[in-house]
Amino acid sequence: MTQTPTPTPASVQGPSGAPGLSEPTSNGVPRRSSLTQNTLPSWLWIVMLGGSVILGAALSALLGFNLATFFIFTAVIYVISSYIVTRTRVNRRRATDGLWTNLVYLAFLIALMPLVSVIWSVASVGIPGLMTPGFMVSDMQGITGLVDQASQTEGAPVLGGIAHALIGSLLITLAATAISVPIGLLASIYLVEYAKGGPLSRAITFFVDVMTGIPSIVAGLFAGAAMAWFLSVFSGVTGLLTTQRSTLGITAAIALSVLMVPVVVRTTEEMLRVVPNELREASYALGVRKWRTILKVVLPTAISGIASGVTLAIARVIGETAPILVTAGFVVNTNWNLFQGWMTALPVYIFRQFQNPTSPNFSDPSEQRAWAAALVLILIVMGLNLFARLIAKLFAPKQAGR
Amino acid sequence: MSKRVDVIDLNVYYGDFLAVEGINMSIDAQAVTAFIGPSGCGKTTFLRSLNRMHEVLPGARVKGQLLLDGEDIYDPGVDPVTVRTQVGMVFQRPNPFPTMTIRENVLAGYKLNGARLSKSESEEIVETSLRSANLWNEVKDRLDRPGSGLSGGQQQRLCIARTIAVKPDVILMDEPCSALDPISTLAIEDLIGELQQDYTVIIVTHNMQQAARVSQKTAFFNIAGTGKPGKLIEYSDTTAIFNTPQEKSTEDYVSGRFG
């Protein structure tokens, strides 16, 4: 340790004690408390940050102002100057502490940038499309290249919407949830409550981990092949026709459930493991059988975590594009039937509108629809995340009430 | 309502490890029996084997006979769940079910087993159980509040109420007061004195004054060293254990010269 040999009062002081105490001394109160010497006034960092912003803006303006250089200059100036000031005015330990605190905040800001940027760009481009009347309730039936051409060249309103894609996403995701939640829940109950660390449970854990890493397109191809095989075995359809016939909403749901099951198993397993063993024992000691203990004590105690985990898993798969494209295809009309005909999901809709605009030469209306659909998708995912938090709160074991 | 317990040549294992060896004792009905001894000597392990809670742990097993009014609970044909409905247990740390209200906690033994109770029946069970647990007056106005909102001592009495609600014959208590303050401890000790009229009560305690206060008979367990099995050293009337112990190690332990 290469510290100053005699500890100054400031070096003994806790990190949180300084700001409030140092306020009066900076206002010129004559008698300084021995506890507050060697501390910086609490307003200093705001002043320094302000100074760094001005300096950063000036430096950036020299190079032709842009946001990136402005941010970089400001951050570097602030981090370095606050280190130097603390180092000279207080001591090295506080300076190092402050340096790392600043770096952590900086890393947080940088991590936040893509998120804010994505939301901002999607919202700013997508809102006009979203505000178009009928966007949420109409599908793309009857929207031809001529319609879009009229919109772009003659200023006619952009027609067409995402109703069919919303319904498709909703049905496919619901079906995927209905398939994967029972499987995932039962698998994790087996792992936590019944497995005794034997080869089977270790194999399940291993393969669940492997499944987590399966590329989503592989899941889509698997589901398509499985459904084609299933149809050829049970309805005798073979050849090229099977691929045609196996392109269904339910095939996409199977593909998504392949992606969802490992997530559900993992989160549910975690939640079941944190249920205190005392509760299980309390239930056994009352003469309750194991399956009833699991059903009535363990699951209700863990239900908030399980429900929010499932919601997050849904949020994770609702944005999948490739597996749905290869399994459910793409249509322009609304299809309510998972077991008959092709189906469009929201991400596939976005992909198609960008990749193959309805009118190849006049793509603006298609892009407007795609951005608006992307905004809707982000809003759905955000809503699901909020919903997960709400569930976690509502179902959480009752704590208060003393 | 209350049954006697006879233990014959009982060995308790964790996997291959022999934790408690060669227990022979007879526990009286309608009396309080205390188990004392240093930590790790197998008191709790033995207590948990009395209602087949021991075998819930992976690898745990028991050899020997344990007679509940003459019927061996370790007979191969016996369902452990049946045993546990007759031998209730109160744990060291209060563990009311966090998802349930006070009322539901008392009725847990019925509700979790799917029993259907009429409203008047359940009202009666809740009131008599909470009254016997000396908790009725404190909670009668908030039966629909969560059980986890009670204080530690109240939670423990709620757990006792939950245990006696299913009308067991024997009640096992594993250091029921070790997580509680002296006032709550006093409340539980008074309660144990009352429970004794209807039930066989077996209590593990580290507090020798408590053993002396509440029990009629006391069993002293000891262990020869780490890794050795725990054994029953002396079992006699509580006054005899504390005043005229026959074994040297018992005398050392109760007089505080050891352990």
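In this predicted model, the largest nonpolar core holds 139 residues, and the members that touch the most others are A:Ile172, A:Ala345, A:Leu346 and A:Ala373. Helix H11 of chain A, spanning residues 249-273, puts in the largest share of this core, with 15 residues. A:Leu346 makes a handy example of what sitting in that crowd looks like. Leaving aside residues up to four places away in sequence, A:Leu346 touches A:Ile162, A:Ala165, A:Leu166 and A:Ser169, and also A:Ala373, A:Val376 and A:Leu377. One of these partners, A:Ala373, is itself among the residues that touch the most other core members.

Next comes the meeting place of the two chains. Here 23 residues of chain A are in contact with 26 residues of chain B. On the chain A side, helix H12 (277-285) and helix H13 (290-317) each chip in at least two residues. H12(A) is the top contributor to that side, giving 7 residues. As for chemistry, the side of chain A that touches chain B is a mix: 10 of its residues are nonpolar, 8 are charged and 5 are polar.

Over in chain B, an unreviewed UniProt entry carries the annotation "domain: ABC transporter" for residues 5-248. That span is 34% helix and 27% strand, and the C-alpha atoms at its two ends lie 27 Å apart.

The start of this stretch of chain B can be followed strand by strand. Strand E1 (residues 5-14) of chain B runs antiparallel to strand E2 (residues 17-27), and 7 bridges join the two. One of the pairings along the way puts B:Tyr13 together with B:Leu18 of E2(B). The two strands make a hairpin with 2 residues between them, and B:Gly15, in the turn, has a positive phi of about 65 degrees.

E1(B) has another partner to deal with: E1(B) also pairs with strand E4 (residues 60-68) of chain B, again in the antiparallel sense, over 8 bridges. Within that pairing, B:Leu66 of E4(B) stands opposite B:Val7.

E4(B), in turn, pairs with strand E5 (residues 71-72) of chain B, in the antiparallel sense and over 2 bridges. In this pairing B:Leu68 faces B:Glu71 of E5(B). E4(B) and E5(B) form a hairpin too, with 2 residues between the strands, and B:Asp69 takes a positive phi near 50 degrees there. Put together, the pairings link E2(B) to E1(B), E1(B) to E4(B) and E4(B) to E5(B).

Definitions and conventions: Residues are numbered from 1 along each chain as its sequence is written. Chains are lettered from A and ligands numbered from 1 in the order in which they are written. This is a predicted model: local features need pLDDT of at least 70, side-chain atom pairs count only at pLDDT 80 or more; totals for chains, interfaces and linings use all residues. UniProt positions are given in the numbering used here, feature names are shortened, and annotations may be inferred rather than shown by experiment. Helices (H or I, at least four residues) and strands (E, at least two) are DSSP runs, numbered from the N terminus. Two strands pair if DSSP finds at least two bridges between them. A nonpolar core is a set of buried Ala, Val, Leu, Ile, Met, Phe, Trp, Tyr and Cys residues joined through C-beta atoms within 7 Å. A residue is buried if 20 or more other C-beta atoms lie within 10 Å of its own, exposed if 12 or fewer, and partly exposed in between; C-beta atoms are placed from the backbone. Two residues are in contact if their C-beta atoms, placed from the backbone, lie within 7 Å. Ala, Val, Leu, Ile, Met, Phe, Trp, Tyr, Cys and Pro count as nonpolar, Asp, Glu, Lys and Arg as charged, and the others, Gly among them, as polar.
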